[in-house]
Amino acid sequence: IASFSDSRHRTKRFNEIFENLRELVNKVKHLSNKNPWLVVGKKTSSTYFMSIIFIYIWNLNNFGNLNVIETIISRDIINDLKDYAIIIVDDISYTGGQIYQYLNYVKQESTTYELFYSLKINICFVGATKRAIKLIKNHSHINLYVTKIYDNLYDILDIEEYMDIIYYFAP
């Protein structure tokens, strides 16, 4: 059973995430005159949860149309997206590997490298490690917005969480 202090901690954490998402929305609101596309991902993902809050804040501030892509960016829709800004929102990037792999997938789905590099991709993270930022910036045409930058995983996770990640996700 959760205690009252656990509930207050969760509320405080949600408020912090909400404010960070508000900051991210304000950083990309200039894209509104181009009717940007937001990639929301699977309903079970943190990207989806962050996207729902992002949409709420976007609409609350009347920043214009925000189109939604409920699937991954695939070959059949890439050509339709090249004239629009694409926004991907997530809570945190520990290593950058997940979004880096996603961008490589989008690159492979593009019929040409020119098409991939013409996409106006904007990635928004509530938090990211310096390692993640460095990896993502290997895709030089990506706009990256981060509200909190951490030196490493130790700044984000306690030792038990860190060991769980090593145990469950190590190759």
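How many residues apart in helix α1 are E19 and R22, and about what part of a helical turn separates them? They are three residues apart, or about one helical turn. The legends below start from this pair in the predicted model.

**View 1. A salt bridge within helix α1 joins E19 and R22.** The closest N and O atoms of the two side chains are 3.3 Å apart. E19 is partly exposed, at 42% relative accessibility, and R22 is also partly exposed, at 29%. The full count for the structure is four salt bridges.

**View 2. E16 reaches K148 through a salt bridge.** Here the closest N and O atoms lie 2.5 Å apart. Because E16 sits in helix α1 and K148 in strand β5, the pair ties together parts that are 132 residues apart in sequence. E16 has 26% relative accessibility and counts as partly exposed; K148, at 29%, is partly exposed too.

**View 3. K130 and D151 form a salt bridge.** The closest N and O atoms are 2.7 Å apart. This pair links distant parts of the chain, with K130 in helix α6 and D151 in the loop between β5 and α7 (159-169), 21 residues apart. K130 is partly exposed at 48% relative accessibility, and so is D151 at 46%.

**View 4. F14, F18 and Y56 make up one aromatic cluster.** Five aromatic pairs turn up in a search of the whole structure. In one of them, the ring centres of F14 and F18 are 6.2 Å apart and the planes meet at 40°, so the pair is tilted. Both residues belong to helix α1 (residues 4-28), four residues apart. F14 is partly exposed, with a relative accessible area of 35%, whereas F18 is buried at 14%.

**View 5. W58 and F63 meet edge-to-face.** Their ring centres are 5.6 Å apart, with 75° between the planes. Both W58 and F63 are buried.

**View 6. I121 belongs to the largest nonpolar core.** This core has 24 residues, and I121 is listed with I73, I99, L119, I123 and F125 as having the most contacts inside it. Elements giving two or more residues to the core include α3 (75-81), β3 (85-93) and β4 (120-129). Leaving out residues up to four places away in sequence, I121 touches I86, I88, L103, F116, H141, I142 and N143. A second, separate core of 23 residues includes L24, W58, C124 and V126.

**View 7. S110 is a buried loop residue.** S110 lies between α4 (97-109) and α5 (113-118), with 6% relative accessibility. Beyond its neighbours within four places in sequence, S110 contacts I78, L115, F116 and L119.

Conventions
Residues numbered from 1 in each chain as written. Predicted model: local features only at pLDDT ≥ 70, side-chain atom pairs only at ≥ 80, totals over all residues. Heavy atoms only, no water. Phe/Tyr/Trp six-rings, centres within 6.5 Å; stacked < 30°, edge-to-face > 60°. Buried < 20%, exposed > 50% of the residue type's maximum accessible area, 1.4 Å probe, protein only. Contact = heavy atoms within 4.5 Å. Core = buried A, V, L, I, M, F, W, Y, C linked by side-chain atoms within 4.5 Å.
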